[in-house]
Amino acid sequence: MTHDPNCIFCKIVAGQIPAKKVFEDEQLLAFHDIRPHAPVHFLIIPKLHLASLEEVQPEHEALLGRMLGLAPRLAREQGADNGFRTVVNTGIDGGQEVFHLHVHVMGGPRPWKIG
Ligand code: AMP
Ligand code: ZN
């Protein structure tokens with residue numbers, strides 16, 4: 001499935017619900033988390049609907065690499081200039097709430113609200 005009409009992040013990709021975008025290209029989208037845990041908190045997602053890391057196949061490895069490779073540049077642009085945390089929650093026990101693959105990027109001066 002490349003697009004899941006019931007998926008909230010696919011709806012953001014399709015422009016059906018709004019998001020505060022920080023980056024977009026043909027493959028990837030990054031936008032601010034609606035409930036930030038840190039002064040800087042955004043998500044990097046593939047436009048392709050992949051439910052989680054569990055669904056990733058060898059042909060997606062370059063896409064995963066791009067997602068992580070983008071993180072430092074976007075973190076700096078968003079003002080996280082002293083380091084950042086990347087998190088990928090996978091599955092129920094991993095604490096995943098939205099089943100469209102995403103990398104959390106969190107940074108900015110501490111203390112943070114959570115973590
Ligand atoms: P998780 O699946 O637990 O890794 O986290 C999903 C994240 O998506 C949470 O941090 C939510 O705050 C965030 N989120 C859920 N809906 C939206 C939305 N419409 N726009 C931006 N962030 C969202
Ligand atoms: Zn999706």
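A residue is taken as buried when its relative accessible area is under 20%, as exposed when that area is over 50%, and as partly exposed in between. In the predicted model described here, Lys21 has a relative accessible area of 45% and is therefore partly exposed. Lys21 belongs to strand 1, which spans residues 21-24. When neighbours within four places in sequence are left aside, the residues in contact with Lys21 are Leu29, Ala30 and Phe31. Between the C-alpha atoms of Lys21 and Cys10, which lie 11 residues apart along the chain, the separation is 14 Å.

The protein as a whole contains two helices and five strands, and these elements follow the order α-β-β-β-α-β-β from the N terminus on. Its radius of gyration is 14 Å, close to the 13 Å that the globule rule gives for 115 residues, so the protein is as compact as a globular protein of that length. Taken along the principal axes, the box filled by the C-alpha atoms is roughly 40 × 30 × 30 Å. Of the 115 residues, 39% are buried. Among the contacts between residues at least 6 apart in sequence, 56% join residues that are at least 24 apart.

The pairing of the strands can be followed from strand 2 through to strand 4. Strand 2, residues 28-32, runs antiparallel to strand 3 and is joined to it by five bridges; in this pairing, Phe31 has Leu43 of strand 3 as its bridge partner. Strand 3 is in turn joined by five bridges to strand 5, residues 103-107, and this pair also runs antiparallel. Leu43 has His104 as its bridge partner in strand 5, while His41 is partnered by Met106 of strand 5. Leu43 thus takes part in both pairings, with Phe31 as a partner in one and His104 in the other. Strand 5 is further joined to strand 4, residues 84-87, by four bridges, again in an antiparallel arrangement, and here Thr86 is the residue whose bridge partner in strand 5 is Val105.

Strands 3 and 5 were then considered with respect to burial. In a regular strand the side chains alternate between the two faces of the sheet. For strand 3, seven of its seven residues are buried, with Val40, Phe42, Ile44 and Pro46 on one side and His41, Leu43 and Ile45 on the other, so that both faces are covered. Strand 5 is likewise mostly covered, five of its five residues being buried. In strand 5, Val103, Val105 and Gly107 point one way, whereas His104 and Met106 point the other way, and all of these residues are buried.

A zinc ion (ligand 2) is coordinated by the SG atoms of Cys7 and Cys10 and by the ND1 atoms of His49 and His100, at 2.0 to 2.3 Å. The arrangement around the zinc ion (ligand 2) is tetrahedral because the angles subtended by the four donor atoms are 103 to 115°, within the interval between 85 and 135 degrees that four donors must satisfy to be counted as tetrahedral. For reference, the ideal angle at a metal with four tetrahedral donors is 109.5 degrees. In sequence, the spacing of the donor residues is C-x2-C-x38-H-x50-H. Distant parts of the chain are linked by the pair Cys7 and His49, which are 42 residues apart: Cys7 lies in the segment before helix 1 (8-13), whereas His49 lies in the loop between strand 3 (40-46) and helix 2 (61-77).

Burial was also examined for three of these donor residues. Cys7 has a relative accessibility of 7% and therefore counts as buried, and His49, with a relative accessible area of 7%, is buried as well. Cys10 has a relative accessible area of 0% and is likewise buried. A search of the whole structure for disulfides finds zero.

Towards the C terminus, one further backbone feature was noted. The peptide bond that joins Arg110 and Pro111 is cis, with an omega of about 5°, and Pro111 is located in the segment after strand 5.

Methods
Residues are numbered from 1 along each chain as its sequence is written. Chains are lettered from A and ligands numbered from 1 in the order in which they are written. This is a predicted model: local features need pLDDT of at least 70, side-chain atom pairs count only at pLDDT 80 or more; totals for chains, interfaces and linings use all residues. Side-chain values use heavy atoms; hydrogens and water are left out. Donors are N, O and S atoms within 2.8 Å of the metal (3.2 Å for Na, K and Ca); water is not among the atoms, so sites may look incomplete. Four donors count as tetrahedral if all angles lie between 85 and 135 degrees; four count as square planar and six as octahedral if opposite donors are over 155 degrees apart and all others between 65 and 115; anything else is irregular. Buried means under 20% relative accessible area, exposed over 50%, partly exposed in between (1.4 Å probe, protein chains only). Two strands pair if DSSP finds at least two bridges between them. A disulfide is a pair of cysteine sulfur atoms within 2.5 Å. The radius of gyration is taken over C-alpha atoms; the globule rule is 2.2 Å times the number of residues to the power 0.38. Contact means heavy atoms within 4.5 Å.
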